[in-house]
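Work through the exercises below with the model open beside you. Try each task before reading its solution.

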Amino acid sequence: MVRCSMNMLWNTQIENTCIVFRSWHISSTQAFVFSCFVIVALGILYEWLREVQKVTDRKIAATLSAQGKGKSRVGGLVSGRRSPEADSEEEGLLTGLRMSKDDNGVVIPLSMRASRAILYGAQVFLSFFLMLVFMTYNAYLILATVIGAAVGHFIFNGHMDIEIVLAGGSAGGRGMSCH
C-alpha cells in the first residue's frame, strides 16, 4: 500500500510525497525531479492558455467589428462638444473615450462563446490544480510552480500596451490567480 505523507507545514520532503493524487506518489529522488519538471511545464502551460485566451478574444473582437457590431458602443475620442447622445454617456477621464453607462458589450455568437468558455474552464482547472500542488507546502514543489509561472510569463508576455499602463491599467492581466 502506498503511504503518502501529508504535511501541513513548510517541508522539503522528497520521498513518500504524494502530489495531489495518491497515484502521484514520489518514491525516489529521480521521480521527484521529474515531477518538478512536470509542474514547471504546467505553470508554463497556464501562461500559454492565458495568451491563447487573449489572442482568441482579439480575433473574436476583430470578427465582430468587421461585421459592424460594437462600433457605436465605444466612440472615438471625445471632441469636447455636447451632443444628444452625450447625456447617456460618460467621458473617460484618462482615456478620452466615450463609454455608455449601461453598455454590456456585444452579444457573442454561441460558437465563439463556447470556445471562450472552454479556454476559461481549462485555465480555472489548471490554476486550481497548481494551487493544490502549492498546498503540499513542499518548498521544492512551490519553487517549481513559481518557476513555471515566471518562465511562462517571460515567454508569452513580451509585449506591453504603454498607453494602458500609463493610464493606470494593467499590462498583464490577473497573473497566476486561482480564479
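**Exercise 1. The exposed nonpolar patch**

Task: Find which residues make the nonpolar surface patch of about 490 Å², then classify Phe134 by its accessibility.

Solution. Keep in mind that this is a predicted model.

Step 1. List the members. The patch is made by Val20, Phe21, Leu132, Phe134, Met135 and Val146.

Step 2. Place one of them. Phe134 is found in helix α2.

Step 3. Classify Phe134. The relative accessibility is 36%. Buried would need under 20%, and exposed over 50%. Phe134 therefore counts as partly exposed.

Step 4. Set the patch against the whole surface. The chain exposes about 12,100 Å². Carbon and sulfur atoms supply 64% of that area.

**Exercise 2. The layout of the chain**

Task: State how many helices and strands the chain has, and in what pattern they follow one another.

Solution.

Step 1. Count the elements. There are four helices and five strands.

Step 2. Read along the sequence. The pattern is β-β-α-β-β-β-α-α-α.

Step 3. Check the burial. Of the 179 residues in the chain, 26% are buried.

Step 4. Check the contact range. Take contacts between residues at least 6 apart in sequence. Of these, 62% join residues at least 24 apart.

**Exercise 3. The largest nonpolar core**

Task: Identify the helices that each supply at least two residues of the largest nonpolar core, and say which one gives the largest share.

Solution.

Step 1. Size the core. It has 17 residues. Those with the most contacts inside it are Ile19, Trp24, Ile39, Leu126, Leu130, Val133 and Leu141.

Step 2. Assign the helices. α1 (29-66), α2 (110-134) and α3 (139-156) each supply at least two core residues.

Step 3. Pick the main contributor. Helix α1 gives the largest share, seven residues.

Step 4. Follow one residue outward. Leave out neighbours up to four places away in sequence. Ile39 then touches Ile19, Trp24, Leu130, Val133, Leu141, Ala144 and Thr145.

Step 5. Recall the general trend. In soluble globular proteins, nonpolar side chains tend to be buried together.

**Exercise 4. The disulfide**

Task: Determine which cysteines form the disulfide, and whether the disulfide is left-handed or right-handed.

Solution.

Step 1. Count. The structure has one disulfide.

Step 2. Name the pair. Cys4 and Cys18 are bonded, with their sulfur atoms 1.7 Å apart. The cut-off for a disulfide is 2.5 Å.

Step 3. Read the torsion. About the S-S bond of Cys4 and Cys18 it is about -65°, so the disulfide is left-handed.

Step 4. Locate both ends. Cys4 sits in the segment before β1 (17-18), and Cys18 in strand β1. They are 14 residues apart, and the pair links distant parts of the chain.

Step 5. Compare with the accessibility classes. Cys4 has 30% relative accessibility and so counts as partly exposed. Cys18, at 13%, counts as buried.

**Exercise 5. The surroundings of Asn7**

Task: Find which residues Asn7 is in contact with, leaving aside its neighbours within four places in sequence.

Solution.

Step 1. Place the residue. Asn7 is found in the segment before β1.

Step 2. Collect the contacts. They are Gln13, Thr136 and Tyr137.

Step 3. Look at a long-range pair. Asn7 and Met135 are 128 residues apart in sequence. Their C-alpha atoms are 9.1 Å apart in space.

Step 4. Classify. At 23% relative accessibility, Asn7 is partly exposed.

**Exercise 6. Salt bridges**

Task: Establish how many salt bridges the structure holds, and which pair links helix α2 to helix α1.

Solution.

Step 1. Count. There are four salt bridges.

Step 2. Start within α1. Glu47 and Arg50 meet in a salt bridge, 3.1 Å from N to O. Both lie in helix α1, three residues apart, about one turn of the helix. Glu47 is buried at 3% relative accessible area. Arg50 is buried too, at 9%.

Step 3. Move to Lys54. This residue bridges to Glu51, with the closest N and O atoms 3.4 Å apart. Both lie in helix α1.

Step 4. Cross between helices. Arg116 pairs with Asp57, the closest N and O atoms being 2.6 Å apart. Arg116 is in helix α2 and Asp57 in helix α1, 59 residues apart.

Step 5. Join shared partners. Glu51, Lys54 and Arg58 form one network of salt bridges.

Methods
Residues numbered from 1 in each chain as written. Predicted model: local features only at pLDDT ≥ 70, side-chain atom pairs only at ≥ 80, totals over all residues. Heavy atoms only, no water. Core = buried A, V, L, I, M, F, W, Y, C linked by side-chain atoms within 4.5 Å. Buried < 20%, exposed > 50% of the residue type's maximum accessible area, 1.4 Å probe, protein only. Contact = heavy atoms within 4.5 Å. Patch = residues over 30% accessible without salt bridge, like charges linked within 9 Å, V, L, I, M, F, W, Y side chains within 5 Å. Areas by Shrake-Rupley, 256 points an atom, 1.4 Å probe, with all protein chains shown as cover. Salt bridge = Lys/Arg side-chain N within 4 Å of Asp/Glu carboxyl O.
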